[in-house]
Amino acid sequence: MKTFSTAVLSLFVVLGLALVLGCAQDTPTVAVEDSFDVVVIGGGGGGLSAAVEAADAGASVVVLEKMPGVGGNTMYATGGINAAGTRFQDALDIDDSVDLFIADTMSGGRELNNPELVNIMATQSADSVHWLTDLGADLSDVGRMGGHSVNRTHRVTGGAPVGAEIVLTLEQAVLDRGVDIREGNQVTEILMNRDGAYAVRVQRINGEVYVIRAGAVVVATGGFGADNSLVAEIDPELLGFGTTNHRGATGDAIEMLGDSVTWIDLEQIQTHPTVVPERNVMITEAVRGNGAIMVGRGGNRFVNELGTRDVVSEAILAQPGQTAFLVFDQEVRESLAAIETYVRQRLVVEGESLADLAAELDMPSAALEQAVAEYNEAVAAGEDTTFGRPQLPRPLQRGPYYAVEIGPAVHHTMGGIGINTSAQVLGANQAIIPGLYAAGEVTGGVHGANRLGGNALADIIVFGRIAGVNAAAYTAR
Ligand SMILES: Cc1cc2nc3c(=O)[nH]c(=O)nc-3n(C[C@H](O)[C@H](O)[C@H](O)COP(=O)(O)OP(=O)(O)OC[C@H]3O[C@@H](n4cnc5c(N)ncnc54)[C@H](O)[C@@H]3O)c2cc1C
């Protein structure tokens, strides 16, 4: 575990004390309204996956979601979910392997990742994509995101956002199984005693507080990218940065669990390189994956657009104005439905020719035309000798041409609660806390120092399922 800033540590001490006081009482001070075998905190992809599996294992399950609707950051995902060895890759003759997926993930994470957790994610990734598909999701299109050696990013045919596809599929599966979903219900405390987690304290939107007794608790509350004061406390360089996250991504688990659990790599916070300044709309990596290039204000390319997010973010911040432009043509636009959303949101600048586009952007047209011509030559040659871009799907040659101004914003919090391969939460002393499981962005270790695009969804579904299965088994013991 890395060291935190002193400020974060002292926050934990105070919160830890409060927690100990809360834990000391075996009898909650407010009404116990209900009792469930498995209480899932958080209705994002991780929590909903846990709920489906726990219900399938015969447990009674409640999902507590603090926002007015389920979905969390999962609902925002547009790029895709990674998996190695799926039937969809087979159909497209894509030669992939679990070992290659592990190697890409470890290298992308600068080898800081927990190899055991990465191994589980990669090994179970194909089964999880098939599981989602069998529940009704369309993940049959396969593309690639930065840092991957082969195409393994599974997405909806036609490019519709993958997050909504997954959330709506899981929500329906949860409802079909009779799981109780309570929206607008925020968990404020996880009650634990010497035997482990046994209840949660909940606050309704109207302020009412109540307690649910639990056979087991699954923490799936997501990350803390939307709390800039917490982000900046950990990494002062990110003070004032925008975020791609939904506003509920405020790291509630950090307050709830304090120093009673192990925290892994909390200081590893990822910026996403292509976020529209001020509007905070993330332009999916699939735009680059499908062929867009990136140019600076001078019309020049400056980076391998498909490099890892930390590298591309740094390169943009080194550009004049600390932003850059994604540039693409009509063919790229037609290849990805997500681009239509950006057009409707008025984020896209258009020009009939590259010269027209350059004029719109107040950019030297000769430089932009040269950058595109050189890129098209690289596509024809099948090799980008200037920047080493590994994937060159199509030339940019069919007008109109388009551009979106982008820059880095806080996107993913790689660190979080320490878990083992069974999704059991590790206490501060590394011992397992009985009855307490965690999955998804709230956990740390899978992504190391840098998450590869498409790996978060693989992580949350794989470990959400594991948490659900094991929480149900724990209550049935
Ligand atoms: C714009 C965007 C695009 C992305 N695109 C991709 C992509 O294409 N591929 C990919 O792999 N990853 C992507 N990611 C990352 C990925 O979506 C997330 O890491 C992942 O969905 C997190 O899932 P989760 O279930 O852990 O958390 P979430 O989906 O965030 O769900 C957590 C839920 O817990 C709720 N909650 C929090 N605290 C409490 C509490 N105290 N009580 C009750 N409920 C609580 C929250 O409101 C939220 O609904 C993207 C992220 C963003 C922001």
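In this predicted model, 44 residues surround the ligand, and the closest of them are G42, G44, G72, G79 and G440. Sorted by class, this shell holds 15 nonpolar, 25 polar and four charged residues. Several elements of secondary structure supply at least two residues each: α2 (45–56), β2 (61–65), α6 (162–176), β7 (185–193) and α15. Of these, α15 gives the most to the shell, with four residues.

Helix α15, residues 455–475, also has a part in the largest nonpolar core. That core has 141 residues, and V38, V40 and V218 have the most contacts inside it. The largest share, twelve residues, comes from α15. Both domain 1 (6–268 + 414–475) and domain 2 (271–410) give residues to the core, so it lies between them. In soluble globular proteins, nonpolar side chains tend to be buried together. One of the core residues with the most contacts, V40, can be followed further. Apart from its neighbours within four places in sequence, V40 is in contact with G47, A50, A51, V61, V62, V63, L64, V218 and A220.

How much of α15 is buried? The count is 19 of its 21 residues, so this helix is largely enclosed by the rest of the structure. Its length can be checked as well: at 1.5 Å a residue, the 21 residues should span 30 Å, and the end C-alpha atoms are 30 Å apart, which agrees.

The next step is the division of the protein chain. It falls into domain 1 (6–268 + 414–475) and domain 2 (271–410), with C-alpha centres 32 Å apart. In the contact between them, 23 residues come from domain 1 and 21 residues from domain 2. The side of domain 1 that touches domain 2 consists of seven nonpolar, 15 polar and one charged residue.

Another helix that supplies residues to the ligand shell is α6. From its first C-alpha to its last, this helix of 15 residues reaches 21 Å, close to the 21 Å expected at 1.5 Å a residue. Buried residues in α6 are V162, G163, I166, V167, T169, L170, E171, A173 and V174. An α-helix has 3.6 residues a turn, so residues three or four places apart point the same way. After α6 comes G178, with a positive phi near 75°.

On the other side of this helix, the loop between β5 (153–155) and α6 holds A160. A160 has 17 C-beta neighbours inside 10 Å and therefore counts as partly exposed. Leaving out residues up to four places away in sequence, A160 touches E165 and A337. From C-alpha to C-alpha, A160 and A373 are 30 Å apart in space, with their positions 213 residues apart in sequence.

Some backbone details remain. Most residues other than glycine have a negative phi, and most peptide bonds are trans. Where does R110 sit? It is in the loop between α4 (98–108) and α5 (115–135), and its phi is positive, near 55°. With 13 C-beta neighbours inside 10 Å, R110 counts as partly exposed. Q322 is not a glycine either, and has a positive phi of about 55°. Q322 lies in the loop between α10 (309–317) and β14 (324–329) and is exposed, with 11 other C-beta atoms within 10 Å. Finally, the peptide bond that joins G399 and P400 is cis, with omega about -5°; P400 is found in the loop between α14 (365–381) and β16 (401–413).

Methods: Residues are numbered from 1 along each chain as its sequence is written. This is a predicted model: local features need pLDDT of at least 70, side-chain atom pairs count only at pLDDT 80 or more; totals for chains, interfaces and linings use all residues. A nonpolar core is a set of buried Ala, Val, Leu, Ile, Met, Phe, Trp, Tyr and Cys residues joined through C-beta atoms within 7 Å. A residue is buried if 20 or more other C-beta atoms lie within 10 Å of its own, exposed if 12 or fewer, and partly exposed in between; C-beta atoms are placed from the backbone. Domain bounds come from an automatic or database domain assignment. Two residues are in contact if their C-beta atoms, placed from the backbone, lie within 7 Å. A residue is near a molecule or strand if its C-beta atom, placed from the backbone, lies within 6 Å of it. Ala, Val, Leu, Ile, Met, Phe, Trp, Tyr, Cys and Pro count as nonpolar, Asp, Glu, Lys and Arg as charged, and the others, Gly among them, as polar. The expected span of a helix is 1.5 Å times one less than its number of residues.
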